[in-house]
Amino acid sequence: MKKIISLLIFFVCVGMTYAQPISGIINNYAAVTNIPVYVDVVSTTGFSVGDKILIIQMKGAATDLSNTATFGTIQSVGNGGLYEYKTIASIAGTTLTFTSTLYNTYDVPGLVQVVRVPQYTNVTVTGKLTAQPWNGATGGILVFDVSGTLTLN
């Protein structure tokens with residue numbers, strides 16, 4: 001019995017000592033096409049049941065477009081910038097269903113996207129981390145979750 005306990009402690013220590021190296025683009029992205037109770041996306045490629053995701057509305061502010069000195073003044077932020085984290089409960093075709101209901105109300109024409117959030121226990125950033133470039137529908141966001149130690153090299 002004593003040997004088994006020692007081995008378990010060894011494995012736990014090894015898991016906490018070594019960090020997973022990451023670099024480059026670590027997220028998956030999908031544009032949202034519909035949000036009733038679930039979320040319809042352009043593609044579910046790169047997403048799996050149990051994944052943590054970030055849902056975010058990229059645009060939505062109203063600005064003054066008049067040919068006056070107030071041109072460009074933000075009149076209303078609208079839903080731009082709203083976001084929340086969810087966990088995928090199921091995937092059917094291009095529909096993502098979450099383990100809980102959405103807290104915010106999103107406006108799909110405001111360019112809403114879902115981003116898969118990689119989760120790590122311990123991680124070492126070994127190179128430049130980048131986001132997929134914003135293409136007018138997806139990208140522009142770098143997000144990950146570390147429950148243990150994050151080492152920046």
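Biologist: Which residue in β8 does Val-39 stand opposite?

Modeller: Val-39 faces Leu-96 there. Keep in mind that this is a predicted model. The two strands involved, β3 and β8, run antiparallel and are joined by 2 bridges.

Biologist: And what does β8 do with strand β7?

Modeller: Those two also pair antiparallel, over 4 bridges. One pair to look for is Ser-90 with Thr-97 in β8. Follow the chain round and you'll see a hairpin with 2 residues between β7 and β8. Gly-93 sits in that turn, with a positive phi of about 65 degrees.

Biologist: Back to the inside. How should I read a nonpolar core?

Modeller: In soluble globular proteins, nonpolar side chains tend to be buried together. Here the largest core has 15 residues, and Val-39 is among those with the most contacts inside it, along with Ile-35, Ile-55 and Val-114. β2, β3, β4, β8 and β9 each supply at least two of its residues. There's also a second, separate core of 7 residues, including Leu-54 and Ile-141.

Biologist: What does Val-39 touch further along the sequence?

Modeller: Leaving out residues up to four places away, its contacts include Val-32, Ile-55, Phe-98, Leu-102 and Val-114.

Biologist: Now a charged one: is Asp-64 buried or exposed?

Modeller: Asp-64 is buried, yet has no salt bridge. The nearest side chain of opposite charge, Lys-59, is 17 Å away. Look for polar partners instead: the Asp-64 side chain makes a polar contact with that of Ser-66 at 2.6 Å, and another of 2.4 Å joins it to the side chain of Thr-70. You'll find Asp-64 in the loop between β5 and β6.

Methods: Residues are numbered from 1 along each chain as its sequence is written. This is a predicted model: local features need pLDDT of at least 70, side-chain atom pairs count only at pLDDT 80 or more; totals for chains, interfaces and linings use all residues. Side-chain values use heavy atoms; hydrogens and water are left out. Buried means under 20% relative accessible area, exposed over 50%, partly exposed in between (1.4 Å probe, protein chains only). Lys and Arg count as positive and Asp and Glu as negative; His and the chain ends are not counted. A salt bridge is a side-chain nitrogen of Lys or Arg within 4 Å of a carboxyl oxygen of Asp or Glu. A polar contact is a pair of N or O atoms within 3.5 Å; within protein, one must be able to donate a hydrogen and the other to accept it, and residues adjacent in sequence count only if both atoms are side-chain atoms. A nonpolar core is a set of buried Ala, Val, Leu, Ile, Met, Phe, Trp, Tyr and Cys residues joined through side-chain atoms within 4.5 Å. Contact means heavy atoms within 4.5 Å. Two strands pair if DSSP finds at least two bridges between them.
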